[in-house]
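Thank you all for coming; I would like to take a few minutes to walk through one structure with you. Please have the sequence and the three-dimensional view open as I talk.

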Amino acid sequence: MRLKLLHRCRPWALALGLAVLLPAAAQPVAATPNLPALGDASALSLAQERRLGDEIARTLFRSPDYLDDPLLHDYLQAIWQPLLQAAQRRGEVSPELAERFAWELLLSRDRSVNAFALPGGYLGLHLGLLAISTSADEIAAVLAHELAHVSQRHIARLFERRQQQAPWVIGAMILGALAANASRNADVASAAVMGGQAVALQGQLNFSRDMEREADRVGLGIATEAGFDGQGFITLFDKLQAAARLNDGGAFPYLRTHPMTAERSADMQARLHELAPLRQSQSPIPAPVHALMAARARVLSETGSDRLQALAATLRPAAGAPATPALGRTLTPEELGQLYAATLAAARLREPALALLGLRQLQAHEPTDPATQEQLRWLNLELLLLLPPQALPPAQQQALSDLLAAALQSERRAALLLAAQASLQHGAERQRLAIARLQARTSLHPGDALAWQTLAGLHLAQQQPVRAARAEAEARLAQLDAPGALERLRAARQLGQGAAAVDHIEQSIIDARLRHVEERVREQALPIR
């Protein structure tokens, strides 16, 4: 029955269920009669919690919902890294915890409003939550709250509650509850939930009220320390309270694992009043930048052409109506976001004329702050990827070519990855430059899977299959798939041995990486103890 469920659950729900199934492989730990006080150590060690997190993250990386969009990645990191640094300064994240946990943010293209913390310092965020947010402060509030759940080791204590019950039974029940939360499909839930304990176990899936209050309070301190306005907690709570009053309807899974109460909102209001002298009057992230990224999230979460057509429709003038906002006036962040969404939707629909119309409108109303201008430059560059070069007018082709050359020299991850991907359409010389720049990046950031994957594509374009296979192996290893990395490294070694001209340096690198990855495979196969 469990195997059937694994095939029927949505991947991100399945991954969360694995957090409960995996302790079955661990050695039993003596259960204590009561939970430790908030903030105390848990019976689940840091090493065990990290191993659990790695197992779940490996599943998420393989999910079709997993998304590494360079522009959204850079934007979210601009929020996440200050929060993590603030937590370390405040002592919420100890030096040991900072070193042992992954502290990685994973993004899902799911349209539902959800975010969650996983064991070992992994956090998940759905595009749907980013799409409904109205400020970076709201995203900071969510991430700070989830960071607090991890730093206070709430997840480890939830596992501790279940130690006296049969792990596989609990795993099946909670996996069923997660599947019901994600899909609202009673058949999926009933396939996993056995007996009359489902309601009780659903309650165990949620954090306790004390844990929620602690995550709110610690998260508020982290967010304000990082320079974000704590009012983001209140505006976010207002959205969640409104959804709760409307009985949710399934679009807000966040409410099921983080239930809203009037008490939580009142508590945060009181604390914000106490912190009033310390609060920021302005977010460190400009409002137009957030509006563009929220719009981007809306577009990237859409999979149907009809919904993309609806977004792009604002660029199509109705009879007798102006096609664009009047020139000479400054657009509000919301209007700027709508125009960005329409332009990106048109590009994804492969409608070059409409996409270029939207781009011209954005440039005509371009805000003066550099951060927003930069985001529009990257959208300009993205047209190289989404539209065929021959679809662009000659002047536009030259402008984008110049932008590509500048982006290949950029230190920004988004610019470099977009330019490297675009260079596949712009000749061998640009490809060789992109390879050199990506090699420099991966040497400094070996866990950047998308950089390795892009490098593999460029090596193939340059007729270098051995180097491409090794880059693919490194990409899989960055996503914690050691067996997949081992398979690609063995393929790279065979390709190298069969080549007419053997690259001895590359072969020695492959041999060294083979030994390392073989050890990783053995480690991943060990039970969690």
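Let me begin with strand β4, where Y122, G124 and H126 point one way while L123 and L125 point the other way, and all of these residues are buried. In other words, β4 is mostly covered, with five of its five residues buried. I should say at once that this is a predicted model, so please hear everything that follows as a description of that model.

Which strands does β4 pair with? On one hand there is β2, which pairs with β4 in the parallel sense over five bridges, and within that pairing L105 has L123 as its bridge partner in β4. On the other hand there is β3, which pairs with β4 in the antiparallel sense over four bridges, and here the bridge partner of L118 in β4 is Y122. β3 and β4 also form a hairpin with three residues between them, and in that turn G120 has a positive phi of about 80 degrees. As a general reminder, strands of a sheet pair through backbone hydrogen bonds, either parallel or antiparallel.

Stepping back to the sheet, we find four strands forming an open sheet in the order β1-β2-β4-β3, with mixed pairing. β1, residues 66-67, and β3, residues 115-118, stand at the edges with a single partner strand each, so one side of each is left without a neighbour in the sheet. Helix α7, residues 136-151, packs on this sheet and touches β2, β3 and β4, and its direction makes about 25 degrees with that of β3. As for β1, this strand pairs with β2, residues 104-108, in the antiparallel sense over two bridges, and one of the partnerships there is that of Y66 with S108 in β2.

Now let me turn to a residue that will come back shortly, E104, which is found in strand β2. Is E104 buried, partly exposed or exposed? With a relative accessible area of 30%, E104 is partly exposed, because the cut-offs are under 20% for buried and over 50% for exposed. Leaving aside residues up to four places away in sequence, E104 touches F61, G121, Y122 and L123. Taking G121 from that group, E104 and G121 are 17 residues apart in sequence, and their C-alpha atoms are 6.5 Å apart in space.

E104 brings us to the empty spaces in the model. The largest pocket has a volume of about 780 Å³, and of the 37 residues that line this pocket, the closest to its centre are H73, E104, G447, D448 and A449. Which element gives the most to this lining? The answer is α4, with six residues, although several other elements each supply at least two residues, among them α3, β1, β2 and α27. By class, the lining of the largest pocket divides into 20 nonpolar, seven polar and 10 charged residues.

There is also an enclosed space to mention, since a search of the whole structure finds one cavity of 30 Å³ or more, and the largest cavity has a volume of about 40 Å³. Its lining includes A141, V142, H145, D216 and R264. Helix α7, which we met packing on the sheet, supplies at least two residues of the cavity lining, as does α13, and α13, residues 231-245, gives the most, with four residues. The lining of this cavity has seven nonpolar, one polar and two charged residues.

One more helix deserves a word, namely α22, residues 413-422, which is mostly covered, with nine of its 10 residues buried. Among the buried residues of α22 are R413, L416, L417 and L418, and what covers them includes α4, α20, α21, α23 and α24. Of these covering helices, α4, α23 and α24 each also supply at least two residues to the lining of the largest pocket.

Finally, for the protein as a whole, the secondary structure comes to 27 helices and four strands. Buried residues make up 54% of the 529 residues, and among contacts between residues at least 6 apart in sequence, 74% join residues at least 24 apart. I am happy to go back to any part of the view.

Key: Residues are numbered from 1 along each chain as its sequence is written. This is a predicted model: local features need pLDDT of at least 70, side-chain atom pairs count only at pLDDT 80 or more; totals for chains, interfaces and linings use all residues. Side-chain values use heavy atoms; hydrogens and water are left out. Two strands pair if DSSP finds at least two bridges between them. Contact means heavy atoms within 4.5 Å. Axes are lines fitted to C-alpha atoms, for helices over the stretch in contact, and angles run from 0 to 180 degrees between N-to-C directions. On a 1 Å grid over the protein atoms alone, a cavity is a set of points where a 1.4 Å probe fits but cannot get out, and a pocket is an open set with protein on both sides within 12 Å along at least five of seven lines; lining residues have an atom within 4 Å of a point. Grid points are joined across faces, edges and corners, and a volume is the space filled by probe spheres set on the points. Ala, Val, Leu, Ile, Met, Phe, Trp, Tyr, Cys and Pro count as nonpolar, Asp, Glu, Lys and Arg as charged, and the others, Gly among them, as polar. Buried means under 20% relative accessible area, exposed over 50%, partly exposed in between (1.4 Å probe, protein chains only).
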